[in-house]
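Hi,

Here is the structure I promised to pass on. Have a look at it first, and then read my notes underneath.

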Amino acid sequence: MGIPVLILGDSGSGKSASMMNLNPDKGFLVNPENKRLPFKSKGWQARDFDAKTGNVFFTDIPTDITTIINFAVRAGRKYVVVDDFQYVMGNQFMRRRSEKSFEKFTEIGGGAWDVIRAAQAAEEELIVYFLAHTEETPQGRIKMKTIGKMLDEKITVEGMFSIALRTGVTDGRYYFTTQSDGTDPVKSPIGLFDNFQIPNDLATVDSAIREYYELSDGATA
């Protein structure tokens, strides 16, 4: 089975920047917002999805993202990053904002569920990173930002992940937290990470996951 990893954080807290040390030749980036990366890199090349070349795809269509995930291993890729997963849902909502029916929320939520399930069902060498914004509930807990109530009430998206990290910034130092502080859904398997805070670096995270699960080298090789 594949390994879906959730990366939670506010805008500007280092989610996209954590990609800086990943080897672009080893992975695919799904970029729904068609945004520039927050660091200099000549390695990320954008191409049309249908061409299946390059490594950056500007799509928020769940069926396309599922196809990219399924294609990744056959293309010799070790990881897929979806940045930002919230826009996979949000962009669809904005395009359908004039629709009065609540059916759109069901379809949008179902599409997001399909993408995560595709990551779970992928070949075991593939790690899929879902970068996502957070929001605070009325009870003061932090959760992944979604569209509508279906994913929150029927699924609880964070429950579909065994690894959920959260970005943090203190005195200009960017990091991931690896376990819950009591207010968020952050979690990781026992023994995967030694510390509550680790460097904000997906390449380091990728190496740790592959060593823990005894997988082949991936994102940096």
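Below is what I found, starting with the sheet and moving on to the helices and a couple of loop residues.

One thing to keep in mind throughout: this is a predicted model.

**The sheet**

Start with the open sheet, which has eight strands and mixed pairing. If you want to trace it on screen, the order is S3-S2-S4-S5-S1-S8-S9-S10. The edges are held by S3 (56–57) and S10 (197–199). Each of these has a single partner strand, so one side of each is left without a neighbour in the sheet.

At the S3 edge, the partner is S2 (residues 27–30), and the two run parallel, joined by two bridges. Val30 is a good residue to click on here, as its bridge partner in S3 is Phe57.

Further along you get to S8 (residues 163–170), which is mostly covered: six of its eight residues are buried. On one hand S8 pairs with S1 in the parallel sense, over four bridges, and Leu6 has Ala164 in S8 as its bridge partner. On the other hand S8 is joined to S9 by five bridges, and that pair runs antiparallel. Two spots to look at in the S8/S9 pairing are Arg166, which stands opposite Thr177 in S9, and Thr170, whose bridge partner in S9 is Arg173.

S8 and S9 also make a hairpin, with two residues between them. In the turn, Asp171 has a positive phi of about 50°.

From S9 you can step across to S10, again in the antiparallel sense, this time over three bridges. Tyr175 stands opposite Pro199 in S10.

**The helices**

Now for what packs on the sheet. H2 (residues 85–95) lies across S4 (79–83) and S5 (127–132), and it runs at about 60° to S5. H3 (residues 103–121) packs on the sheet too, where it touches S1 (3–8) and S5. The direction of H3 makes about 150° with that of S5.

How do H2 and H3 sit relative to each other, in angle and axis distance? They pack at an angle of about 155°, with their axes 10 Å apart. Angles over 145 degrees count as roughly antiparallel, and H2 and H3 are therefore roughly antiparallel to each other. Their crossing is right-handed.

Which residues make that contact? From H2 you have Phe85, Met89, Gln92 and Phe93, and they meet Lys104, Phe105, Ile108, Ala112, Val115 and Ile116 in H3. Sorted by type, the residues of this contact come out as eight nonpolar, one polar and one charged.

**Two loop residues**

I also looked at a residue in each of two loops. Ile190 is in the loop between S9 (173–177) and S10. Is Ile190 buried or exposed? It is exposed, with a relative accessible area of 81%; the cut-off for that label is over 50%. Ile190 and Gln179 are eleven residues apart along the chain, and their C-alpha atoms are separated by 9.8 Å.

The other one is Ser41, in the loop between S2 and S3. Ser41 counts as partly exposed, at 34% relative accessibility. Its C-alpha atom is separated by 19 Å from that of Tyr129, which is 88 residues away along the chain.

That's the tour. Shout if anything is unclear.

Cheers

Conventions. Residues are numbered from 1 along each chain as its sequence is written. This is a predicted model: local features need pLDDT of at least 70, side-chain atom pairs count only at pLDDT 80 or more; totals for chains, interfaces and linings use all residues. Side-chain values use heavy atoms; hydrogens and water are left out. Two strands pair if DSSP finds at least two bridges between them. Contact means heavy atoms within 4.5 Å. Axes are lines fitted to C-alpha atoms, for helices over the stretch in contact, and angles run from 0 to 180 degrees between N-to-C directions. Angles under 35 degrees count as roughly parallel, over 145 as roughly antiparallel, 65 to 115 as roughly perpendicular and the rest as oblique. A crossing is left-handed if the near helix is turned anticlockwise from the far one by less than a right angle, and right-handed if clockwise. Ala, Val, Leu, Ile, Met, Phe, Trp, Tyr, Cys and Pro count as nonpolar, Asp, Glu, Lys and Arg as charged, and the others, Gly among them, as polar. Buried means under 20% relative accessible area, exposed over 50%, partly exposed in between (1.4 Å probe, protein chains only).
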